[in-house]
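This report treats nonpolar packing and nonpolar surface in one protein model. The sequence and structure are shown first.

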Amino acid sequence: MSRSRLIDIVDPALPPEDARTKRELPRILDARRRLQKGNDLLPHRGRVQQGRGRGGEPKGSAGKSGALRAAIFGVNDGLLTNTSLIMGFAGASQSRAVIVLAGISGLLAGAFSMGSGEYVSMRVQREVLERLLHLEAHELGNDPEGELEELTAIYEGKGFSRDLASSVAKELMRDPKIALDTHAREELGIDPDEGLGSPWGAAISSFVMFAFGALLPLIPFFFRGGTGAALIASAIAAISLLVVGALTSLLTGRSPVFSAARQLMIGVLAAVVTYGIGRLVGVSVAA
């Protein structure tokens, strides 16, 4: 679906909702292209960190998994949110019972919020991508010659000669499934196999991992209160943040030390700010 063809009169055979989507498709694709601008990375020599896939690339599709992404963000958010909340109440000199109640409330509220938010986000994203795939399939079925020309133009834009681009496009267009898969990847930037993601997988992963992360700094307050519990909670949170930060380096390729230190610094800053606010609020209320 080239830009010039996208603005043509919409096929009357399309249902009204598909016709509206097709009219908006140029804007959707333009927005996607603008978001992807700025990557000027070129092939270059240099050492690549080993111990992963071939050539240092991450194994499998971990970087594309919505469930894995939700799990990492979930445990991180749970740690940061509940540690900050607990430190705020501890700074206000609240009793152990109040801190436990606040921590459990924060855990449940955050877990349900994260889980439902991930589900809605992934569900809407999936529906949009499925609609785009549906429209592409409609175009392939109704105008195969035009889609062949479009795929040829795409490969010409990648540097293929006209003859080679035409030959490659014709071979790919022989099989309808391969043709749809190729147009989805090359034109729309959609991975039909992994790019749609699982809304339920992301929601459950986010819910469970947020709850787990939020529970860690709360554990000491189940057994004791006061400054001692706050110090133990801080130590648990700090160690957990270091571990989570180091684990993210398995996906990002950054130094584990850098990732862990960055994660810890963010957590310490959040906890110190909320503790200070709690102290100020507690003093003003007592006065």
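A nonpolar core is a set of buried Ala, Val, Leu, Ile, Met, Phe, Trp, Tyr and Cys residues joined through side-chain atoms within 4.5 Å. Buried means under 20% relative accessible area, exposed over 50%, and partly exposed in between (1.4 Å probe, protein chains only). The model is predicted: local features need pLDDT of at least 70, side-chain atom pairs count only at pLDDT 80 or more, and totals for chains, interfaces and linings use all residues. Residues are numbered from 1 along each chain as its sequence is written, and side-chain values use heavy atoms, with hydrogens and water left out.

The largest nonpolar core comprises 11 residues, namely I86, M87, A90, I99, V100, L218, F221, A229, A230, A233 and A271. Two or more of these residues come from each of α3 (66-91), α4 and α9 (226-252); helices are DSSP runs (H or I, at least four residues) numbered from the N terminus. A second, separate core has nine residues, among them L140, L151, I154 and A165.

Contacts (heavy atoms within 4.5 Å) are listed below for two residues, leaving aside neighbours within four places in sequence.

| Residue | Contacts |
|---|---|
| A233 | M87, P217, P220 and F221 |
| T152 | R162, A165, S166 and A169 |

T152 lies in helix α5 (residues 144-157) and counts as buried because its relative accessibility is 2%.

On the surface, I104, L108, F112, L215, I219, F222 and F223 make a nonpolar patch of about 660 Å². Such patches consist of residues with over 30% relative accessible area and no salt bridge, nonpolar side chains (Val, Leu, Ile, Met, Phe, Trp, Tyr) being joined within 5 Å and like charges within 9 Å. A salt bridge is a side-chain nitrogen of Lys or Arg within 4 Å of a carboxyl oxygen of Asp or Glu. Accessible areas come from the Shrake-Rupley method with a 1.4 Å probe; for residues, only the protein chains shown count as cover. Helix α4 (residues 96-142) gives the most to the patch, with three residues. I104 is located in helix α4 and is partly exposed, at a relative accessible area of 36%.
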